[in-house]
Amino acid sequence: MLGITPWPVASAILWIVLIVAALYLVRSTAHKTIQAAAQGLHRSFRIASKAVSRSETRMSVRNRDVLLAAGQESKERIIEREFDRINESVRKDLANYSSLHRTLSESIGRIEKDHQEAVDVPPDPPGWVKAVQAVATIESREGHGMIGNILSDIHKSLVKAHKEALTAYHESSAQRHKLLRHMRPDWRQIQQTLGAVGKSVDSLLSRSVTIDRHMKEYEDIVAGQDRAISVLSSSSLVNFFVSAFVLCIAIGGATINFSLIARPMAEMVGGTNLIGGFRTADIAALVIILVEISMGLFLMESLRITRLFPVIGALPDKIRVRMAYITFAILFLLAGVEAGLAYMREVLLHDELATSALLRGDTGATATGQYMWITTTAQMGMGFILPFALTFVAIPLETFVHSLRTVIGIIAISILRTVSLVLRLLANIFLYLGVFLRQVYDLPLFVPLWLEEHMAKKSGHTSMPRRAVQ
Amino acid sequence: MKKGILVALCVLLASCGAKDRTATNSGVYMLLDTSGTYTEELEKAEQIIRYTLSKLDASDSFAVARIDTGSFSEKDIIAKASFDDRPSAINRQKRLFAQQVSDFVDNVKPAPYTDITGGLLQAVEFLNEKDTGKKTILIFSDLKEDLAEGYIRDIDVEFAGFKVIALNVTKLRSDNIDPREYLDRLENWKRRVEKTGGEWQVINDLDGLDGIL
């Protein structure tokens with residue numbers, strides 16, 4: 001390249017001049033091309049960013065709707081449950097109201113009767129006691145011997161009558177006291193009954209306060225208030241992590257369960273058969289565990305503890321209860337099967353240990369420990385209990401499924417927001433990259449550009465240099 | 001439509017279930033030399049058999065046969081078993097197998113001749129019949145073949161796909177005088193096995209049995 005003249009330096013200078021001249025000539029076109037490319041990329045990325053931003057907004061709205069719907073449903077369930085409790089309480093108390101009323105009426109009637117009877121005052125002792133005393137003080141020696149005798153007899157008779165009257169009075173008083181004593185249990189019964197009624201009323205009042213609070217929150221949710229959204233969102237995240245944690249524990253339990261029954265399963269379905277590259281025994285054990293979990297789900301659904309399957313929830317109560325009994329029976333049978341398999345596992349283990357010891361020539365090791373029944377029992381117990389424990393997986397699973405929808409929405413929104421930001425950033429980068437490239441293009445052309453500017457000034461040309469224009 | 005779906009499901013299940021279980025199982029045939037003073041070594045052989053039994057699992061096959069005057073015969077098989085699918089049955093089979101071998105070792109009588117080739121032919125035939133994934137022949141012998149008159153054993157045995165392991169190849173008195181005889185004997189057997197595509201290995205240190213199966 002440097003051979004176009006006999007002197008390399010001259011050749012190089014010539015090349016530079018030629019290149020600069022060529023670049024200067026195509027400068028306007030090159031600038032337009034760079035600008036068009038930069039603008040094109042800038043607009044494309046801006047459009048993409050706006051599209052992503054719109055998607056993010058739509059997603060936010062949708063997520064908000066989902067969150068509100070979930071919160072609304074949850075609150076409805078809580079309020080419904082509270083009303084159910086109130087209904088139950090009222091039903092129970094009102095059902096007993098007639099008997100309560102009767103008990104109270106009877107008690108009050110008895111008290112009234114006893115009181116009435118107690119009010120009847122016994123007759124006073126005779127008022128002529130003073131006369132008797134006067135008769136008694138008359139001396140017989142005054143010469144009225146006969147009169148004295150008569151009066152003495154009268155005195156005796158009167159004393160006797162007085163004693164009888166006193167006895168009757170005492171008896172009457174005792175009777176009144178007895179009647180008053182009879183009234184005591186009736187008072188207590190009335191007090192207890194009224195206490196129970198008071199408790200029920202207090203319970204209803206406290207429940208009504210709770211319902212008021214829930215109703216306020218429900219109204220906030222229905223109104224779509226930001227505070228409600230914030231609470232629901234945070235609650236959804238907490239639910240997600242807590243339920244995920246519990247599900248992890250449940251998976252651990254299922255794994256233990258699997259290891260308990262996979263080995264003895266080989267006795268039933270063979271140890272070498274394969275389905276899709278996996279041992280049939282392992283698949284059978286897994287299927288049993290999955291069936292148990294399914295039965296647990298149906299049981300929880302039938303008991304209306306979870307609401308994963310609306311069809312089950314909508315069944316008539318009679319069929320639903322029947323379904324609960326059937327699923328529980330199946331679960332119980334499967335638990336029994338698992339306990340049997342766990343026992344079989346222990347038997348197989350002993351058999352295998354004995355065979356290994358025999359093959360090693362270690363006959364002493366074949367003796368079974370006297371405490372081995374503990375591990376056998378523990379394994380059987382685990383085999384029986386774990387299926388029932390796995391039943392409760394339905395509760396965290398439902399929470400996980402419901403909160404997952406919101407969490408996925410939040411993650412998607414974050415991703416879309418980030419993508420939108422990156423696209424906007426790229427759009428701006430390309431815009432300024434175009435400016436930068438034009439400046440870089442002009443860098444080697446500083447001489448002709450300076451000359452152009454100088455000549456323009458000299459000729460008094462009013463128009464701005466092209467560089468400035470562009 | 002429904003029939004089509006049913007047939008497709010059946011085919012799918014059949015294709016899943018009909019996996020070739022022999023592809024991964026093992027077949028082991030062990031030959032025990034009962035000639036002359038080598039019978040004294042049979043207690044070691046019994047240990048190897050027990051070790052082999054402990055290593056084998058469901059659907060594997062194992063047979064132990066003696067090498068005597070004419071070894072190409074099923075009558076020379078001392079014990080054989082194709083292990084069941086069920087673990088409990090496998091344990092029973094292993095215990096029975098070990099007992100049969102133990103009885104044999106206790107009552108063995110030395111054979112006048114040593115027909116190793118006949119035993120190998122029998123082993124190849126047995127393992128081919130079992131069609132196992134891996135085929136291993138263990139020869140517990142000094143590898144000194146001594147044929148009775150009239151027995152023709154100058155034949156090529158097809159060892160392709162077989163692993164032949166010579167165990168406890170003891171040195172004879174003549175080997176001590178001329179070690180070349182021992183080395184030639186080993187080389188001769190190696191050539192015969194590898195000639196037809198087999199794999200040859202010698203293990204004299206019985207502590208190094210790990211990993212042979």
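How many bridges join S5(B) to S6(B), and do these strands run parallel or antiparallel? Five bridges join the pair, and the two strands run parallel. Please keep in mind while reading that this is a predicted model. With that said, let's walk through chain B, its sheet and core, and then the place where chain A meets it.

**The layout of chain B**

The secondary structure of chain B comes to six helices and six strands. Read from the N terminus, its elements follow the pattern α-β-α-β-β-α-α-β-β-α-α-β. Chain B has 213 residues, and 37% of them are buried. Many of its contacts reach across the sequence: of those between residues at least 6 apart, 80% join residues at least 24 apart.

**The sheet**

The six strands form an open sheet in the order S3-S2-S1-S4-S5-S6 (chain B), and the pairing is mixed. Strands S3 (77-82) and S6 (199-203) of chain B are at the edges; each has a single partner strand, so one side of each has no neighbour in the sheet. From one strand to the next, the twist averages 15 degrees. As a detail of the S5(B) and S6(B) pairing, Val164(B) has Trp200(B) in S6(B) as its bridge partner.

Helices pack on this sheet too. Helix H3 (residues 87-107) of chain B touches strand S2 (61-67) and S3 of chain B, and its direction makes about 175 degrees with that of S3(B). H4(B) also packs on the sheet, where it touches strand S1 (26-33), S2, S3, S4 and S5 of chain B. The direction of H4(B) makes about 160 degrees with that of S1(B).

**The nonpolar cores**

The largest nonpolar core has 44 residues. The residues with the most contacts inside this core are Tyr29(B), Met30(B), Leu31(B), Val64(B), Ile139(B) and Phe140(B). Helix H4 (residues 116-130) of chain B gives the largest share of this core, six residues. Apart from it lies another core, of 31 residues, which includes Ile261(A), Met265(A), Met300(A) and Ala394(A).

What does Met30(B) touch, leaving out residues up to four places away in sequence? Its partners are Ile49(B), Thr52(B), Val64(B), Leu138(B) and Phe140(B).

**Helix H2 of chain B**

Two of those partners, Ile49(B) and Thr52(B), are also among the buried residues of H2(B). The full set of buried residues in this helix is Leu42(B), Ala45(B), Ile48(B), Ile49(B), Arg50(B), Thr52(B) and Leu53(B). In general, an α-helix has 3.6 residues a turn, so residues three or four places apart point the same way. The cover over the buried residues of H2(B) includes H9 of chain A, together with S1, S2, H3, S4 and S5 of chain B. The length of the helix can be checked as well: at 1.5 Å a residue, the 14 residues of helix H2 (residues 42-55) of chain B should span 20 Å, and the end C-alpha atoms are 20 Å apart, which agrees.

**Where the chains meet**

The contact takes 17 residues from chain A and 17 residues from chain B. On the side of chain A that touches chain B, helix H6 (226-269), strand S1 (274-275) and helix H9 (317-360) of chain A each supply at least two residues. H9(A) gives the largest share of that side, seven residues. By class, the side of chain A that touches chain B has six nonpolar, eight polar and three charged residues.

**Three partly exposed residues**

The table places three residues, one of them in a helix and two in loops.

| Residue | Location | C-beta neighbours inside 10 Å |
|---|---|---|
| Glu181(B) | helix H6 (residues 179-195) of chain B | 14 neighbours, partly exposed |
| Arg304(A) | loop between helix H7 (280-302) and helix H8 (310-313) of chain A | 13 neighbours, partly exposed |
| Leu143(B) | loop between strand S4 (134-140) and strand S5 (162-167) of chain B | 18 neighbours, partly exposed |

The two loop residues have backbone angles to look at. Phi of Arg304(A) is near 65 degrees, a positive value in a residue other than glycine. Leu143(B) is not a glycine either, yet its phi is positive, at about 70 degrees.

As for Glu181(B), it touches Ser174(B) and Asp175(B), not counting residues up to four places away in sequence. The C-alpha atoms of Glu181(B) and Lys171(B) are separated by 9.7 Å, and these residues are ten apart along the chain.

Terms used: Residues numbered from 1 in each chain as written. Chains lettered and ligands numbered in written order. Predicted model: local features only at pLDDT ≥ 70, side-chain atom pairs only at ≥ 80, totals over all residues. Core = buried A, V, L, I, M, F, W, Y, C linked by C-beta atoms within 7 Å. Buried ≥ 20, exposed ≤ 12 C-beta atoms within 10 Å, placed from the backbone. Helix = DSSP H or I, 4+ residues; strand = E, 2+ residues; numbered from the N terminus. Contact = placed C-beta atoms within 7 Å. Nonpolar A, V, L, I, M, F, W, Y, C, P; charged D, E, K, R; others polar. Pairing = 2+ DSSP bridges. Axes fitted to C-alpha atoms, helices over the stretch in contact; angles between N-to-C directions. Expected span 1.5 Å × (residues − 1).
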